[in-house]
Each structure stands twice: as structure tokens, then as C-alpha cells.
Amino acid sequence: MNIEHLREFEYLAENLSFRDTARHFFVSPSVISRHISAMEDELGTKLFVRSKQSVAITDAGTVFLDRSKAILSEYNAALAEMSRLDEGGKPVVRLGYLHNAARPFILQFTSYLKEHYPEIEIEFKGMPYKMLYTALDDNRADLNIMLNVYSPHQQRYELATMYRDQFCVVVRANSRLARDCADGIELSRLVGLDLLLPSEKDFPGLQERMRKVLETEPSLLMERARSFRDVDSMYIQVETSNSVGISTSANWAYGSSKVVYLPIKGVDAGIDVNAYIGRSLSGRAFTACKEALASCQAYLEDFSVLENARVQWRARVSALY
């Protein structure tokens, strides 16, 4: 039996959605369906009862879920052990992160481990957004720093909320919106404008979250919104056209002097940045990472890193006009 099919089965058993499971593993629902059917044929029993309206796990599926979790746990532990042997037997923490989301505190995390647990090595694994959502399952990371978009991840891994980011409107620095809305922009000001949202393929779940915020303004025609594949391409389109982008405030540090970020006013545009701890992290490495994450949370509370960034971008706008 394919180990990846077991991962798909476990995920499906927890969320009971072929669509969400397919999205998580970046395949089509029909592929997941074929894999589950193949498992059922091999086992000689039905694991799920399916209908057009719902999916339910059978009693046999529940029994097999316990077994598959044990198999995957042992398999992940074996892979983690092999990765540590490759490093000469020293404890290694493979830190998966999205560059922008982790920037405010990754230095603090690293410094804490170096000071208090010098025997633990950190392997930095910067990844594209979509890879982070499978890195823990595929044993390519022990600890991930990423935006909290899909609720199933809260159930599958231990997590710690590091800070609360927010969606912002990205506009040309010399635009009227930048001049008039330095302290924040109402969604009504976006009506009729060309909106740029992150691609669902490259940023799974993020566009959906953004749409929920934007659709609180009924006059916004979201079907007209276009997608961008990466933040750089968004900046280029904003700088060279009348388009406005929607992004998280953490990306501000990677912008240019030709764009500014405007906080969205009047709605809850916040989104959490979390640390997800994988099952491969255990023992002293687990304890060390928990302590380091706690130190990062204290650091963010004490120094208000993100608020300082927001003050800086407001100052940039004020200096222009």
C-alpha cells in the first residue's frame, strides 16, 4: 500500500471532504477517489460511505484509521531519525517557513536555540506558500511557520499563534488613494477598481480568506478580480497600472518605494501567523522549540514589531504629500 495514499486517507477521515483533501495534496478529487477505492479493494471493505451530499467514515474505516496513524507515526519517526543520522547524529530541527511571515521573529527563534541549546542544529527550509501545507505531512519539515488558513491544520498539529497579521490594500505611492487614505482605507473606496488577489493555486486558501473580508462590501464585484502568482508580480502590476493589490502587511518589508500599504478600516481584516509543530519533533528538540517559540511570542509583545512597520509606512506616505 502506498504511504502517500495512507496520508490521503488519514486527512480525508479527519475532514470528510474529497474537495478539501484534494486541495491539500494538490490533486483532483477524482484522484483521491481512485486512491481510496484502491485501498478499499485491497482491504476488502468499505472505508467511507459516499453520497453527493456527504461523506461518512465506516466502522471499518475508523478501525483502520487508528492503524494507519500508527503506521504513519512510525514511518515519520524513521525518516526523522534517518535525517538526524545524516547530520552525524546531532539533533536537527528542520524549520519550514514562508520568508515574509517568519521575518519578524525568526532571528529571535534562532538566537534562543543557539544560546540555550547549542547542540541543536537548525536546517532552514524556506518554501513557497503552497509547499508549506504538505511539508509536515511529507516529513520535509519538523516545524512550520505559516499563515493560519485551513482549520484542519489546527486539529492535526500542535500550534502556537505568533502574531496577528492583517490584510492591506497595496497602491501606487503617487496615487490619490495613497494621499487620501494613509491611516486606512474603507472598502467602499475599492468599488470599480481593478483588484489583484493571490492565486488560489499558488496561495491555497488565502484568496478565499481575502474574499470573505472584501465581500463585506456588497458593491465590490469580486468576479472581476484578477490573480497574481507572486508578490513581485503584484508590485509590478500596481506600479505600472491602475490596479490595486490585496496582501498581508508582513509583505510591506519587501515592497518598493513606489508602493504603499493601506490598512483596511471598518472590518476585521486580521489573520494569524502560527507555528505548526510536526509529529517528527520529539524529545529535547521538541522542548527546545517550544521554549524558543515562547520567547518569540514575548519578543513580539514587547517590541510591537509589526506596529513599528506600520508606523514607518504611514510616515513614508506622509513624507510624499
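The following exercises, each with a worked solution, concern a predicted model of a protein chain.

**Exercise 1. Overall composition**

Determine how many helices and strands the protein chain has, and what share of its residues counts as buried.

Solution. Begin with the secondary structure: 13 helices and 12 strands are assigned in the protein chain. Next, consider burial: 51% of the 321 residues count as buried. Finally, turn to the contacts with a sequence separation of 6 or more: 75% of them join residues 24 or more positions apart.

**Exercise 2. The geometry and burial of α3**

Test whether the end-to-end distance of helix α3 agrees with the span expected at 1.5 Å a residue.

Solution. Helix α3 comprises 15 residues, 29-43. The expected span is 1.5 Å times one less than the number of residues, so for α3 a value of 21 Å should result. The C-alpha atoms at the two ends lie 21 Å apart, in agreement with this expectation.

The burial pattern is then listed. Val31, Ile32, His35, Ile36, Met39 and Glu40 are the buried residues of α3. For the interpretation of such a list, it is useful to recall that an α-helix has 3.6 residues a turn, so residues three or four places apart point the same way. After the helix comes Gly44, with a positive phi near 75 degrees.

**Exercise 3. Positive phi outside glycine**

State where Leu16 and Phe26 are located, and classify each as buried, partly exposed or exposed.

Solution. Take Leu16 first. Leu16 sits in the loop between α1 and α2 (18-25), and its phi is positive, near 55 degrees, although the residue is not glycine. Its relative accessibility is 34%. Since partly exposed covers the range between 20% and 50%, Leu16 is partly exposed.

Phe26 is treated in the same manner. The loop between α2 and α3 contains Phe26, a non-glycine residue with a positive phi near 60 degrees. With 37% relative accessibility, Phe26 also counts as partly exposed.

**Exercise 4. The nonpolar cores**

Identify which members of the largest nonpolar core touch the most other members.

Solution. The largest nonpolar core has 80 residues, and within it Phe109 and Leu190 touch the most other members. Strand β6 (residues 158-172) supplies the largest share of this core, namely eight residues.

The surroundings of Phe109 can be set out in detail. With residues up to four places away in sequence left aside, Phe109 touches Leu95, Ile122, Leu143, Cys289, Ala292, Leu293 and Cys296. A second core, separate from this one, has 15 residues, among them Ile32, Ile36, Val55 and Leu65. Ile32 and Ile36 also appear among the buried residues of α3.

**Exercise 5. Ala294 and Thr161**

Find the element that holds Ala294, and give the separation of Ala294 and Thr161 in sequence and in space.

Solution. Ala294 belongs to helix α12 (residues 283-303). Its relative accessibility of 39% places Ala294 in the partly exposed class. Ala294 and Thr161 are 133 residues apart in sequence, and their C-alpha atoms are 9.8 Å apart in space.

**Exercise 6. The cavity**

Establish how many cavities of 30 Å³ or more the structure holds, and describe the lining of the largest cavity.

Solution. The structure holds one cavity of 30 Å³ or more. The space in the largest cavity amounts to about 140 Å³. Its lining has 13 residues, of which Arg7, Asn76, Leu136, Asp137 and Tyr157 are the closest to the centre. Two or more lining residues come from each of α1 (3-15) and α4 (59-86). By class, the lining contains four nonpolar, four polar and five charged residues.

Terms used
Residues numbered from 1 in each chain as written. Predicted model: local features only at pLDDT ≥ 70, side-chain atom pairs only at ≥ 80, totals over all residues. Heavy atoms only, no water. Helix = DSSP H or I, 4+ residues; strand = E, 2+ residues; numbered from the N terminus. Buried < 20%, exposed > 50% of the residue type's maximum accessible area, 1.4 Å probe, protein only. Core = buried A, V, L, I, M, F, W, Y, C linked by side-chain atoms within 4.5 Å. Contact = heavy atoms within 4.5 Å. 1 Å grid on protein atoms, 1.4 Å probe; cavity = no way out; pocket = protein on both sides within 12 Å on 5 of 7 lines; lining within 4 Å. Points joined across faces, edges and corners; volume = space filled by probe spheres on them. Nonpolar A, V, L, I, M, F, W, Y, C, P; charged D, E, K, R; others polar.
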